Structure formats: C-alpha cells, structure tokens
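Here are my notes on the sheet and the ligand site. Please read them with the model open.

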Amino acid sequence: MKTLLNIHAIIPSSRVNGPGARVVVFFQGCGRSCPGCFNPETHSFEEREILSVDEIFERLPDAAVEGLTVSGGEPFAQAEGLALLLKGARARSLSTVVYTGYAIEELNKIEAAREAVKYIDVLVDGPFIEGDKEPTLLARGSSNQRFHFLTDRYTEDDFIMDGKVEVTIKKDGAIVETGFSRVPFRAGFGR
Ligand code: SF4
C-alpha cells in the first residue's frame, strides 16, 4: 500500500529555509502546542492535502534546487512517510534539512524515526521557546534549537541566512511569509 503524507503546504523554491534554493515541505499536524508557535495552522491532524512522495516530487520546479527542507507541523509525527520522502530526496541528490520539535535523543529511541534520520544531512531539533528568540542570523526559531550536522555536506556557516524572510502574494490574494523573521508576522509559514 502506498504511504501517503498529510501536507500543510509546499514552497517549490525558497532561499530562506536552509542553504541555497530549496523545496520546502510543511507537514500537517503537531501535538506540541509550543506557546507562540508561528504556524498554528499546522497543528490540526485533520486531513489537509494528502499526497504521495511521488506527487510531492512532481512539484519540484523546473529550475534546479539544491535541496529539500522539511518543516511543520511536526515531520516526525509521520515518520514512515518522512523517511520515504527523505530517501527520495537523497536518490535525487537533493540535500535534506529537517526541523523538528523533538530532541534527537528522543528520535533515536523510535525505530521509524531512526530510519528517517538516516537520510538527513542537517537536523534542527527542539521545540520553539517563546522569549528565547534567536539573536543571530542563524536559521532557527529560538536559540535552544540545535543544529546536528549528520553528514559533512554543510556547516553552521551555511545556515546564516542572508535573506531571512520571503513574502509571497498568492493568486487568491493570500499573503504568506516564510523564513526566520525577527519581528512578529502571522500570515504564513515559518519556524
Ligand atoms: S513550534 Fe514546531 S513543534 Fe512547536 S507547536 Fe509549532 S510546529 Fe509544533
């Protein structure tokens, strides 16, 4: 049976969610309820957009992207599908960056999560802590979150974002923001 993923949104190409141009996939569903979460619309586990891994990769832009960033919501709430998505990215030579509210020590205790971690280049872990805003240009929501460089593909320098926020006006007029804003803006996706 094909594994399907409940997806909040996909940005085909972003330059503020990790190194270079990246396709960004926001998973739907997170039970953590961090106070001040910038993306509360992703918390519900109700079905939003149900896609297979192949259907997600069909949304890759024609122009080359360097990698895949997975955010949420909580990506590891759908660990089996996450592993397949990351495996597919690796097969396409895309680098992989994943943001999670779990600590890596917690993930290492869960078999399905360990399978997904095998295909991650950089894991950014830990819940968002309101009031602990990241004071530097690093691509994380709060300074407690840790960068785990699980391969030698990137270093911390690659996560200093020169353009930190992208704002898009969609065809239906909706305004969405993504990236790591240092000012409150609640119209869209981020972490
Ligand atoms: S910050 Fe991340 S882990 Fe926390 S509630 Fe929001 S989506 Fe979930």
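1. First, a term. Two strands count as paired if DSSP finds at least two bridges between them. Note also that this is a predicted model.

2. Seven strands form an open sheet. Their order is 3-1-2-4-5-6-7, and the pairing is mixed. Strand 3 (49–52) and strand 7 stand at the edges. Each has a single partner strand, so one side of each lacks a neighbour in the sheet. On average, neighbouring strands of this sheet are turned by 30° against each other, direction ignored.

3. Now strand 6. On one side, strand 5 (residues 95–99) runs parallel to strand 6, joined by three bridges. Valine 97 has valine 122 of strand 6 as its bridge partner.

4. The pairing of strand 6 with strand 7 (residues 146–149) is antiparallel, with four bridges. Here valine 122 is bridged to phenylalanine 149. Leucine 123 stands opposite histidine 148 of strand 7. Valine 122 thus has a partner in strand 5 and another in strand 7.

5. Are the faces of strand 6 (residues 122–125) covered or open? Both are covered. Val122 and Val124 are buried on one side. Leu123 and Asp125 are buried on the other.

6. Last, the ligand. Its surroundings comprise 13 residues. Cys30, Cys34, Cys37, Gly101 and Phe128 come nearest. By class, the shell divides into five nonpolar, six polar and two charged residues.

Key
Residues numbered from 1 in each chain as written. Predicted model: local features only at pLDDT ≥ 70, side-chain atom pairs only at ≥ 80, totals over all residues. Near = placed C-beta within 6 Å. Nonpolar A, V, L, I, M, F, W, Y, C, P; charged D, E, K, R; others polar. Buried ≥ 20, exposed ≤ 12 C-beta atoms within 10 Å, placed from the backbone. Helix = DSSP H or I, 4+ residues; strand = E, 2+ residues; numbered from the N terminus. Axes fitted to C-alpha atoms, helices over the stretch in contact; angles between N-to-C directions.
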